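Trainee: I've got a model open and would like to talk through a few spots in it. Can we take them one at a time?

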Amino acid sequence: MSVGAPRRLASSGQKPITEILHPLSAAEDQLSGTVSVGGDKSTQEAGLTNGTPVETSSPASTSSLFNRLQLDDDLEADVRDPYAETTETRDLFVTVDDPKKHVSTMETYITYRVSTKTSRVEFDLPDYCLRRRYQDFDWLRMKLEDSQPTHLIPPLPEKFVMKGVVDRFSEEFVETRMKALDKFLKRVSDHPVLSFNPHLNTFLTAKDLNKRQGLALLTKVGESVKHAAGGYKLRARPAEFCAMGEYLDTFNQKLGTIDRIAQRILKEQSEYLTELREYGTVYSSWVGSEEELRRPLEGVSGSVTSCCGALEDLGEGMSQDFLPVLREYVLYVESMKNVLRKRDQSQAEYEGRLEAAIIRKQEDRTPMPVEVEKCQDKVECFNADLKADWERWQSNKRQDFKQLLTGMADKNVNHYEKCQAAWESLITLLQDKQTEDKTSETN
């Protein structure tokens, strides 16, 4: 950890923390529901829409809604992370794909292919391709958290699943986890500090990881951090970091509410889908006893079947695309709170050492110990790194949720368009049947 880091970050044109905490769009207002300025908090209940329709006419196709709501990169350039690298300047690209199941006498597990392309001098080769399992990603995250305590480390998907509820070897679960691991590595490799961590280099290039030594070291560091403040109670967290904590609490509450409701919707959709399939079967079985109504009955059965497929696609989109993002940000909130707690511990350690040094100086006029200055530098480094990561996190969150909500709207439009087309085809069929009957009667 560099003592000069706070001065470097502070002089890079970073925005004031109060500006960072202000919602920058109506969508964020609805997600957070809380705006804090200088410790003054006002709360309003979030709604589902800001009440300002973009366009009153319905889209002509499923892609038109996405085009209408497509993000304008130029308009949002001023709110992006000042340390973010463009595609042209990035020199580290990482991809996680190709999950494979391994079965042995001792265990069954999944590995993922990790591909790396880079032009950095820290790497011996420009391309790497190796396989890693979940516990390897877990090792990397713990090493990053240990060696970069002042930074926000992106979360991993949960390791444990409820037995009997989720099959951790199912294709759907493995695909969802693979996407989450890919996003984790991409966030780390895009970070201006974490991407240069030697443990990431080892993870991307080494055939074998010495994880046992890393875990032992982590345990010792964790114990030292736990007792770092020596029982000293923090006087007061600065207002800007109090505002961060309040925002995280409110944001986490909103995410939890949305997740619970979405889970209920999925459950009800699944039950409705079962009933709808049975409903369509009734019409198809009816055909055998009503030859005169064959075409209309088959048309109804086909329309219901099409609606079943559209509803199934809608549910898969919510379970595979929507809910994982919510869970990722719930874990992100916990990671951010963990960094805030570490910052508080660092401040408490500094205040305790400073108070003891002041007392000793009053008694025998000894100079200020070097340890106090080091603690002060550590607090400043914590503050600067946390503010920079907070701004980066807010920028990523805005982009992720705009894309998430746009995708959700697009999937719903696609669902209803398919259902509408299915029933309109039935109307056409019935009208043609009616015309044929009239023609037959006339002849």
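**Helix packing, a histidine and an odd phi**

Mentor: Sure, and keep in mind that this is a predicted model. Let's start with two helices: α5 covers residues 134-147, and α6 covers 171-190.

Trainee: Are α5 and α6 roughly parallel or roughly antiparallel to each other?

Mentor: Their axes sit 12 Å apart and make an angle of about 30°. Angles under 35 degrees count as roughly parallel. The crossing is left-handed, and the angle therefore makes α5 and α6 roughly parallel.

Trainee: How do the residues of the contact of α5 with α6 divide into nonpolar, polar and charged?

Mentor: From α5 you have Tyr 134, Phe 137, Leu 140, Arg 141 and Leu 144, and they meet Arg 177, Leu 181, Phe 184, Leu 185 and Val 188 of α6. That divides into eight nonpolar, no polar and two charged.

Trainee: Moving on, is His 191 buried or exposed?

Mentor: His 191 is in the loop between α6 and α7. Leaving out residues up to four places away in sequence, it touches His 151, Asp 389 and Arg 392. A polar atom of its side chain also lies 3.0 Å from the backbone nitrogen of Val 193. Its relative accessible area is 4%, and buried means under 20%, so His 191 is buried.

Trainee: And Asp 98, what is its phi near?

Mentor: Asp 98 belongs to strand β3 and is partly exposed, at 26% relative accessibility. Most residues other than glycine have a negative phi. Asp 98 has a positive one, near 50°.

How values were computed
Residues are numbered from 1 along each chain as its sequence is written. This is a predicted model: local features need pLDDT of at least 70, side-chain atom pairs count only at pLDDT 80 or more; totals for chains, interfaces and linings use all residues. Side-chain values use heavy atoms; hydrogens and water are left out. Helices (H or I, at least four residues) and strands (E, at least two) are DSSP runs, numbered from the N terminus. Buried means under 20% relative accessible area, exposed over 50%, partly exposed in between (1.4 Å probe, protein chains only). A polar contact is a pair of N or O atoms within 3.5 Å; within protein, one must be able to donate a hydrogen and the other to accept it, and residues adjacent in sequence count only if both atoms are side-chain atoms. Contact means heavy atoms within 4.5 Å. Axes are lines fitted to C-alpha atoms, for helices over the stretch in contact, and angles run from 0 to 180 degrees between N-to-C directions. Angles under 35 degrees count as roughly parallel, over 145 as roughly antiparallel, 65 to 115 as roughly perpendicular and the rest as oblique. A crossing is left-handed if the near helix is turned anticlockwise from the far one by less than a right angle, and right-handed if clockwise. Ala, Val, Leu, Ile, Met, Phe, Trp, Tyr, Cys and Pro count as nonpolar, Asp, Glu, Lys and Arg as charged, and the others, Gly among them, as polar.
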